[in-house]
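Thanks for coming. I have one model to go through today, and I will keep to the helices and how they sit against each other.

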Amino acid sequence: MIDWNETVAVGLKAVGALGGVAVVAGAVAHFVSDHASKSWLQANKGKLDEALETHKAALSRETETHKLTLKRQELLFARELEAADSFMAVWRKLWPQYSRPEMEWHDAREDVALRLGTVEAMLEDYLERHSVAISATVRESIERARSEAASEKFFEDGPDRDPPKAAIDAAEHVLGAMRAARDTILNDLRR
């Protein structure tokens, strides 16, 4: 006959042995998976840290580039503002003033025609000091005015002599070019 007590005890021992193996196998599996996941994380953490540092370095370089660009633009704007102030001073000195009763535009052009040599010198000085800080359009207008003044400044003048028509026409062109340069400078500052 079968001894049920002994059968149950053997069964429990077998289950215990199998359970022990399962526990050991579970422990080994846990250790292996834990070790594998830690090494995987360590390998990927290194790659992620490297990518993060590369990105930080790129952002740092980009930030420095933007800082330098802003500083350069700030300095350039200061030079443009200085050039505009200087041009307005030249404008006030060269633009004909209302100097006598019943003065007309022809009289104003004659006044400028008599000062074409001075106009040329002032515009040349202005271009020499501020050429890099003004736009190409302004530089061309001032160059055109300076050239016109230079080409027509030679004539005989005296207290009772009027400037020739060519000098008066040159004064008209100078004043037009100066007005165009002034308007462009003011528009450039408002951009």
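One cut-off before anything else: two helices count as roughly antiparallel when the angle between their N-to-C directions is over 145 degrees. The axes of α4 and α5 cross at roughly 165 degrees, so α4 and α5 are roughly antiparallel to each other. I will come back to that pair. Bear in mind throughout that this is a predicted model.

The overall layout first. The protein has 5 helices and 0 strands, and from the N terminus the elements read α-α-α-α-α. Of its 191 residues, 23% are buried. Among contacts with a separation of 6 or more, 73% join residues 24 or more positions apart.

Now the helices one at a time, starting with α3. Helix α3 covers residues 116-130, which is 15 residues. At 1.5 Å a residue these should span 21 Å, and the end C-alpha atoms are indeed 21 Å apart. Its buried residues are Leu116, Val119, Glu120, Leu123, Tyr126, Leu127 and His130. Those residues take up an arc of only 130 degrees around the axis, which places them on the same side of α3. The general point behind this is that an α-helix has 3.6 residues a turn, so residues three or four places apart point the same way.

Helix α4 comes next, residues 136-152. It has 17 residues and reaches 24 Å from first C-alpha to last, close to the 24 Å expected. Buried here are Val138, Ser141, Ile142, Ala145, Arg146, Ala149 and Ala150. Their arc is only 165 degrees around the axis, so they too lie on the same side of their helix, α4.

Then α5, residues 165-189. Its 25 residues should span 36 Å, and the end C-alpha atoms are 36 Å apart, which agrees. The buried set in α5 is Ala167, Ile168, Ala170, Ala171, Val174, Leu175, Ala177, Met178, Ala181 and Ile185.

So much for the single helices; now the pairs. Which residues of α4 and α5 make the contact between them? The axes of these two come within 8 Å, and the crossing is left-handed. On the α4 side the contact includes Val138, Ser141, Ile142, Ala145 and Ala149, and those five are also among the buried residues of α4. Charged side chains take part as well, if you look for Arg144, Glu148 and Glu152 in the α4 list. From α5 the contributors include Ala167, Ala170, His173, Val174, Ala177, Met178, Ala181 and Ile185.

The pair α3 and α4 also has axes that come within 8 Å, crossing at roughly 150 degrees. This crossing is left-handed. From α3, the contact is made by Leu116, Val119, Glu120, Leu123, Glu124, Tyr126 and Leu127. From α4, the residues involved include Arg139, Ile142, Glu143, Ala145 and Arg146.

The third pair is α3 and α5. Are they roughly parallel or roughly antiparallel? Their axes come within 11 Å and cross at roughly 30 degrees, which makes α3 roughly parallel to α5. The crossing is again a left-handed one. Leu116, Val119, Leu123 and Tyr126 of α3 meet Ala167, Ala170, Ala171, Val174, Met178 and Ile185 of α5.

Next, a link back to the N-terminal part of the chain. His130 sits in helix α3 and counts as buried because its relative accessible area is 2%, where the cut-off is under 20%. Beyond its sequence neighbours, His130 is in contact with Glu82, Ala83 and Ser86. Ser86 is in helix α1, residues 4-94. Ser86 is buried too, with a relative accessible area of 13%. Apart from residues up to four places away, Ser86 touches Tyr126, Arg129 and His130.

Last, one backbone detail. Most residues other than glycine have a negative phi. Glu102 is not a glycine, yet has a positive phi of about 60 degrees. Where is Glu102? It lies in the loop between α1 and α2. Glu102 is exposed, with a relative accessible area of 70%.

That is the model; I will take questions now.

Methods: Residues numbered from 1 in each chain as written. Predicted model: local features only at pLDDT ≥ 70, side-chain atom pairs only at ≥ 80, totals over all residues. Heavy atoms only, no water. Helix = DSSP H or I, 4+ residues; strand = E, 2+ residues; numbered from the N terminus. Expected span 1.5 Å × (residues − 1). Buried < 20%, exposed > 50% of the residue type's maximum accessible area, 1.4 Å probe, protein only. Arc of directions from axis to C-beta. Contact = heavy atoms within 4.5 Å. Axes fitted to C-alpha atoms, helices over the stretch in contact; angles between N-to-C directions. Parallel < 35°, antiparallel > 145°, perpendicular 65-115°, else oblique. Left-handed = near helix turned anticlockwise from the far one by under 90°.
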